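Trainee: Could you take me through one part of this model up close? Pick a buried spot, then work outwards from there.

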Amino acid sequence: MLPRKRPVEVVKPDEDSGSDSDTGSLRKKARIGCLTASCASATSRGSAAGTGECDGKKSGGGGEESSVSASSTVVEPSVTTNMGLEDVNMQEIDEDLHSRQLAVYGRETMRRLFASNVLISGMQGLGAEIAKNLILAGVKSVTLHDEGLVELWDLSSNFIFSENDVGKNRALASAQKLQELNNAVLVSTLSTKLTKEQLSNFQAVVFTDVNLDTAIEFDDYCHNHQPPIAFIKTEVRGLFGNIFCDFGPEFTVTDVDGEEPHTGIIASISNDKPALVTCVDDERLEFQDGDLVIFSEIHGMTELNDGKPRKVKSCRPYSFFLEEDTTNFGTYVKGGIVTQVKQPKVLNFKPLKEAIKTPGEFLLSDFAKFDRPPLLHLAFQALDKFMCEMGRFPVAGLEDDAQKLISIATAMNEGLGDGKLDDLNPKLLRNFAYGARAVLNPMAAMFGGIVGQEVVKACSGKFHPLVQFFYFDSIESLPTEPLEPSDCKPLNTRYDAQISVFGAKFQQKLENTRSFVVGSGALGCEFLKNLALMGVSCGANGKLTVTDDDVIEKSNLSRQFLFRDWNIGQAKSTVAASAAALINPRLQIEALQNRVGPETENVFDDTFWENLNVVINALDNVNARLYVDQRCVYFQKPLLESGTLGAKCNTQMVIPHLTENYGASRDPPEKQAPMCTVHSFPHNIDHCLTWARSEFEGLLEKTPSEVNAYLSNPSEYTTAMRNAGDAQARDNLERVLECLDRERCETFQDCITWARLKFEDYFSNRMKQLIYTFPEDALTSTGAPFWSAPKRFPRPLEFSVSDLSHLNFVLAGSILRAETFGILVPDWAKNPKKLAEAVDRVIVPDFQPKQGVKIETDENATSLSSASIDDAAVIDELIKKLEQRRKTLPSGYVMKPIQFEKDDDTNYHMDFIAGLANMRARNYSIPEVDKLRAKFIAGRIIPAIATSTAMATGLVCLELYKVIDGGHKVEDYRNTFANLALPLFSMAEPVPPKVIKHQDMSWTVWDRWTIKGNPTLRELIKWLADKGLDAYSISCGSCLLYNSMFPRHKDRMDKKVVDVARDVAKMEIPPYRRHLDLMVACEDEEENDVDIPQVSVYFR
C-alpha cells in the first residue's frame, strides 16, 4: 500500500494574499488556498458554472465553510492576484523533475507556464483529467470551480473521488489529491456561483459543464479583456465530445510545431537571379517553399552572412532557389550553413457568439466521418436547448426524450438556410441523447489530454492552437447487439454512467475480463487508472496483471501521476497497483516485477497467456513490443499498442484474424553517423555528444571493468585475449595496462593530472596530429579539397585556468577518475582558485606529430582498431608487462566502474560529457550547448508530456470497449496518429493481415497448425505432404532438426520430433512446456517456396 498522506496544514484564505516584502524573495508555504467554500446551490445537472437565463430547477447543495489544504509548496502571490507573465519572479526549473517535459517545451515555455494561473470549472471526470495534466505540467496555479456535489455517478470517470466523497462539494473533494501531484502548483477552490469579473485573475479559463448562454457571456468578457483571457469550452457526453477555443482577437503563436529549425550544409551557391543553392547529400533538406532562412560561415559569397532572413522557393531534397539576385555578390568558395528561421504566426479568433453561427472549417479526426462535425455542431446545440427547456439531461433509453432532442435538432436545422444539413442521422442523435448525461473515462482521458495541451498553448504561445471547434465521436465503441432500455437503467453502483451507455450486461463483461498490462510507467499509470474507473477486471472472475521491472525515479513524477516523491526507489508496478486499487477497491490486481521476455517464460507460461482476454502494452522500447506481439499472435490474443513522442502519439489495434500484427511493419532504422565522422570529422553537436558519451563509457566504465575482469582471474583473462589474438584484444590489454601503470592514480592530484592531460590529448594533440596528417590544403585521391563540406577544419585548443569551461572539465574529470580508484575528493577541489593552482602544477609534455599515423576516413568502417600481422607478439608482450605490474598492486585491488546516470545532476556525469562535447565542438567551430541540451542528446532522453500520454490511453480504452464486446468488424476499429502540437488527428481502419493462399487453403500470420501426440519426423513430413507441401527444412528455435540436403539427417526420420530436439539438437525442454514450435520451410509442387504457419507439436 502507499505510505500515509503527509500531514495537512490548514491555512486561512486571507493568509494566501500576504506578501513577503521583508524577504524580497520567493516565499513557499505548505497549503492549498481555498478562495470560497461557502454553501452553494447546484442545478440538477450538477453544474459547475452559473446557468444564466435558462436555469433549470435547482436543488440544494453546499460545502463546509473551511479551507481545504494539503502538504504543498506554492509561490506567492496567490492566485487571486492578476499576474502578467512578465511580472512574475521565476522560480527555478527543477530539471531533474521536468527533464522530459523540458525536452518538448524548452525553458522559455516552462517559465511562461510557471507564471500562468488557470481556472477549471466543472470537476467531473473531464475537469479532473484537465486539472491533472496541467498540475503535472507545472502551471503557477489551478483553481477548481464546481457548485455541485459528488454523486456515485461521478465515480465512472473521476479518479479523484471515492464513495466516501459522495455528498461533498466536487471542487473541495478534489483539491487535496490533485495537490499531491505537484507541490509547486497552488491548487485553490471556488464553490459558489462564478462571476465574469473573477475571470480576470486567470490567463486561461476552461469550462467543462456550462450552458451555451453563460458560455457566450463569459467568452465575450474574456475576448474583450485586456489582455485577452484564453477561453476554452469543452464537453464529453457519452461517446461524443467537443472543444471550442477562443484565445482573443489577436493571438501570437511563437512556435507553430515545436520542431527544431531545419538546417543544411552548403555545397555551392550560384551567382544568379534567382540563386541556386545546393547542399551536401548528408541529409535531405526539409525546407518548404516560402520558408525564411539565414546563412552563416560562407567563404567567398560573404554578403549572405549578414543574418538577414531570405525566402526560398522550388525546394528539392538537396537544393533550393533563393529569391535574391547574387549576380554581383562574391564568388562562392566553400563552407556555409543554411538555417530555417521560424516565424511567429498571428491568429484571429472569433468570439463564441459569432463562431457558433459561422464555425468555418472543423478540425477533422476521422476522414471516414467527414460529414460528422456539422451534425455534432447542431446536436450539441440541440442538447443545450433541451436542457434549458427540461432542466435535466435526456434519460438513457427513454425514447420520448430522444425524439424531443431529434425534433429540436430538426427545427434548428430548418432555420439554417443554405447551411441546412441533408441528413440528420436520427439513429446517431438517439445514441447521443441516451448517453448525454454520462462522462465516460476514456473520453475524459482523451479530451483531458487535448484540452490540457490547448491550455499550455494559450499560456505559452508554444504550438498551434485548435481553431476553433473540434468534434469527435466513437459511436463504434457501442456493443454490436442492440441495447434494451431496461439494461441501461442505473443500478446504484459506481459504474452507472457507463451502464447508461453500454448496458449492465456489457459491464459484467468488463468486470470479468482477464487483462495484462505490460509496463507501469507513464502509459501504464494512465491505463491502470482508466481500467479501474471502467471496472475492467473488477469482478469476481476478473484479474488484472501488471508487470514492470523498473523502479521509480524523480523524473517520472512529472508524467507518471500514480507516483509521489516518497515513492522514489520503490517498484513501479507495486506502487501503481496499490494506487489503482485506491481508485477502485474492487480492482483484482496483481503486481509483478518481471521483464516480459524469453527469460521469463516460466513466469508468463502457456497457461498464463491462454487465460488472458486482452493485452495492453505500455512499453518504451521496440524489442519488448515485438516480443509481446509475437506472444499475442501465438496465443491469438488481442493486443492494444500505443506510444508517445513529445506531443505526438499513436495507437495500433492488433486483433486476431482481423488486423496485421505489430511486427508486420517496421519503421526504418535511424540513420547513424559514420564512425570516422564521429571520431575525427564531426560537423554537428550530435556527433560531438555521441563521441563524448562513448569516451565516458570507455574511460570510466569499460576500462575499469576490464581491469577488474583481469585482476579477478588473470590466467583466464589472458588466455581469452591470446585466443582472440585480434586488434580488439590488443586494445583491451593496452587500456588495462595503461590504467594500472602509467595512468594509475593514488592521490587526488594524480586525478587532476590525468584530467588535465586528457584535455591536452583530446583537444590539442589530436587536433595537431589531424592537421599534420591532413593539412588545410590537403587534396583527396581525386584531386578535390579534403576539407570540403561537410568536413570542418579543426583548431587546437590552448588550456587556460582562466577559462571556466576548461577548469570545469578538469574538475568533473578528476572527480570521476577519483571515484573509479576509490580516492577521496578533498573539499578544496571545488574551490576554483585552489583547483587552478593544482592544475598549474601539472607538467604537460610538448607534442610532436607522428609520421604514418592512420586516421580512418572510410565512412563504411565499423572499427577504428586496425589489425596487424604482429598482434599476437604484441599481445604476449602486453601480458608479460601486465603480470609484472599486477605483482606491485596491493592484495584485493579493484576499481569501481561508473555506469552513466543522466538524471543525477550531482554526480558530474553530465558535466564531464558536456565538457567533452563542448570542447570538441570548440575545436571544430560547432555551436556549443548547455548541460540540459547535452543531457537530452547524450542521455537519449525521449521527450514526453502528460497530455499526449493521456490522449493515447483514452483512445486505446475506446478501442478496448470493442475488444471486450468481441463482435466488431475490422472497419469498426481505429488506429490513430495524433500530433497535439499542430493539432493533427488522423484515424484510420487497421490494415488487415496478409493472406497467403495455397491450393484450396488460405492462412494469415494469425493461423497456427497444430499436431497432437508426438509424431516422428517422417509422420510430420507426410502430414505436410498431404497438404501438397514438400518440407525440406525443419527447425526449432535456433536448432536445425532436419534438412533434406544432409544425408545423415535421414537417419532421424523415424525418431520422435521431441526426441530429435532433446537428444540431437540438445534443446532443454522445461517441464512446464507442453509443445514444441517448429519453423518449416516448404515448397509447392512447382518448387516455389510457400510461407506456412508455425507448426506446433503438442507432445504432453
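Mentor: Let's start at Leu155, which is in contact with Val150, Phe161, Ser162, Glu163, Arg494 and Leu533 once you leave aside its neighbours within four places in sequence. Contact here means heavy atoms within 4.5 Å. Before going on, bear in mind that this is a predicted model, where local features need pLDDT of at least 70, side-chain atom pairs count only at pLDDT 80 or more, and totals for chains, interfaces and linings use all residues. Residues are numbered from 1 along each chain as its sequence is written, and side-chain values use heavy atoms, with hydrogens and water left out.

Leu155 belongs to the loop between β7 (141-145) and α3 (170-179); helices (H or I, at least four residues) and strands (E, at least two) are DSSP runs, numbered from the N terminus. Its relative accessible area is 0%, which makes Leu155 buried. For that label the value must be under 20%, while exposed means over 50% and partly exposed lies in between (1.4 Å probe, protein chains only). For a sense of scale, the C-alpha atoms of Leu155 and Trp1009 are 46 Å apart, with their positions 854 residues apart along the chain.

Now for the charges around that loop. Asp146, Glu151, Asp154, Arg170 and Arg437 are linked in a network of salt bridges, each one a side-chain nitrogen of Lys or Arg within 4 Å of a carboxyl oxygen of Asp or Glu. Within that network, Arg170 pairs with Glu151, and their closest N and O atoms are 3.8 Å apart. This pair links distant parts of the chain, since Arg170 is in helix α3 and Glu151 in the loop between β7 and α3, 19 residues apart. Which of the two partners is buried, and which is partly exposed? Arg170 is the buried one, at 0% relative accessibility, whereas Glu151 is partly exposed at 29%.

A little further along, Asp165 and Lys168 meet in a salt bridge of 3.3 Å, N to O. Asp165 counts as buried at 8%, but Lys168, at 42%, is partly exposed. Then comes a pair with a much wider reach in sequence: Arg564 and Glu180 have their closest N and O atoms 3.5 Å apart in a salt bridge. Arg564 is in the loop between β22 (543-547) and α13 (572-583), and Glu180 is in the loop between α3 and β8 (186-190), so the pair ties together parts that are 384 residues apart in sequence. Both ends are covered: Arg564 is buried at 13% relative accessibility, and Glu180 is buried at 18%. Across the model, the count comes to 63 salt bridges by this rule.

Follow α13 onwards and you get to Leu587, in the loop between α13 and β23 (589-592). Leu587 is buried, with 6% relative accessible area. Not counting residues up to four places away in sequence, Leu587 touches Ala532, Val536, Ser537, Cys538, Leu544, Ala580 and Ala581. One of those, Val536, is 51 residues away along the chain, yet the C-alpha atoms of Leu587 and Val536 are separated by 7.6 Å.

Going back towards the N terminus, have a look at α1 (residues 95-114). Its end C-alpha atoms span only 13 Å, where a straight helix of 20 residues would span 28 Å; that expected span is 1.5 Å times one less than the number of residues. There is a kink of about 105° in α1, centred on Leu102, the bend being the angle between axes fitted to the seven residues ending there and the seven starting there. α1 is also mostly covered, as 14 of its 20 residues are buried.

Two backbone details are worth a look while you're rotating the model. Most residues other than glycine have a negative phi, and most peptide bonds are trans. Asn425, in the loop between α7 (399-414) and α8 (426-434), has a positive phi, near 55°. The peptide bond from Ala789 to Pro790 is cis, with omega near 10°, and Pro790 lies in the loop between α20 (748-773) and α21 (804-821).
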